[in-house]
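Biologist: Please take one part of this model and describe it closely, in terms a first-year student can follow.

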Amino acid sequence: MFFAQGAGSGALNTSLTTMGWTAPAFEDAGFLHAEGEITIGPELNGRRALFSWMVSGTVTGNNRLEIQTVLQLDGATVAEGDNYAARNNTQSRGGSGGEFVAVLATGQVWRVQALRDGTTSTLRPLGTRLRIETKS
């Protein structure tokens, strides 16, 4: 299992940006984590994996925001997350997440990227997370 919560702080960008996860809470053998990317080691070769992710942001004022996320394998998008719009100062939190199932292979590099469309948004570190569960 791999689990990380928190992806730094500051504003979400208007172009796809890799979520730079903080130190993982769980990082079993075979997951190699650096700079927001997870490389698959030989211990996990051939295992099935469920990826789950969420990126969350907050807006201020009466402004609209849409957050979009993607899961990438070796730099290519393999899944898009659901997106959510934060509408105004009383509905000021929005997020995007998804799930994806894959068979892991040694050397694969996985990452979650996010972008915002609309007003400036600040990342909510505790609402931003990535989980990878494996089965043999």
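**Strand β11 and its surroundings**

Modeller: Arg131 has a relative accessibility of 28%, so this residue counts as partly exposed. The model is a predicted one. Glu133 is likewise partly exposed, at 29% relative accessible area. The side chains of Arg131 and Glu133 form a salt bridge, with 2.8 Å from N to O. The structure holds two salt bridges, and the other leads to strand β11.

That second pair is Arg111 and Glu37, whose side chains meet in a salt bridge at 3.2 Å, N to O. Arg111 belongs to strand β11 and Glu37 to strand β5; with 74 residues separating the two, the pair links distant parts of the chain. Glu37 has a relative accessible area of 27%, so Glu37 is partly exposed.

Now to Gln113, which sits in strand β11, covering residues 109-118. Gln113 counts as buried because its relative accessibility is 8%, and the cut-off for buried is under 20%. The side chain of Gln113 has a polar contact, at 2.9 Å, with the side chain of Thr18. If neighbours within four places in sequence are set aside, Gln113 is in contact with Leu16, Thr17 and Thr18, and also with Gln68, Thr69, Val70 and Gln72.

Val112 can be described in a similar way. Not counting residues up to four places away in sequence, Val112 touches Thr17, Thr18, Met19, Trp21, Trp53, Val55, Val70, Leu71 and Leu130. Thr17, Thr18 and Val70 therefore appear among the contacts of Gln113 and also among those of Val112.

Val112 is also part of the largest nonpolar core, which has 27 residues. The members that touch the most other members are Met19, Phe51, Trp110, Val112, Leu130 and Ile132. Strands that each supply at least two residues of this core are β1 (2-5), β5 (37-40), β6 (48-58), β7 (65-73), β11 and β13 (129-135).

One of these strands, β7, also has a partner to describe. β7 runs antiparallel to strand β8 (residues 76-80), and four bridges join the two. Within this pairing, Leu73 stands opposite Ala76 in β8. β7 and β8 make a hairpin with two residues between them, and Asp74 in the turn has a positive phi of about 50°.

To return to strand β11: Arg111 is paired with Glu37 in a salt bridge, Val112 is a member of the largest nonpolar core, and Gln113 is buried, with a relative accessibility of 8%.

Technical notes. Residues are numbered from 1 along each chain as its sequence is written. This is a predicted model: local features need pLDDT of at least 70, side-chain atom pairs count only at pLDDT 80 or more; totals for chains, interfaces and linings use all residues. Side-chain values use heavy atoms; hydrogens and water are left out. Buried means under 20% relative accessible area, exposed over 50%, partly exposed in between (1.4 Å probe, protein chains only). A polar contact is a pair of N or O atoms within 3.5 Å; within protein, one must be able to donate a hydrogen and the other to accept it, and residues adjacent in sequence count only if both atoms are side-chain atoms. Contact means heavy atoms within 4.5 Å. A nonpolar core is a set of buried Ala, Val, Leu, Ile, Met, Phe, Trp, Tyr and Cys residues joined through side-chain atoms within 4.5 Å. Two strands pair if DSSP finds at least two bridges between them. A salt bridge is a side-chain nitrogen of Lys or Arg within 4 Å of a carboxyl oxygen of Asp or Glu.
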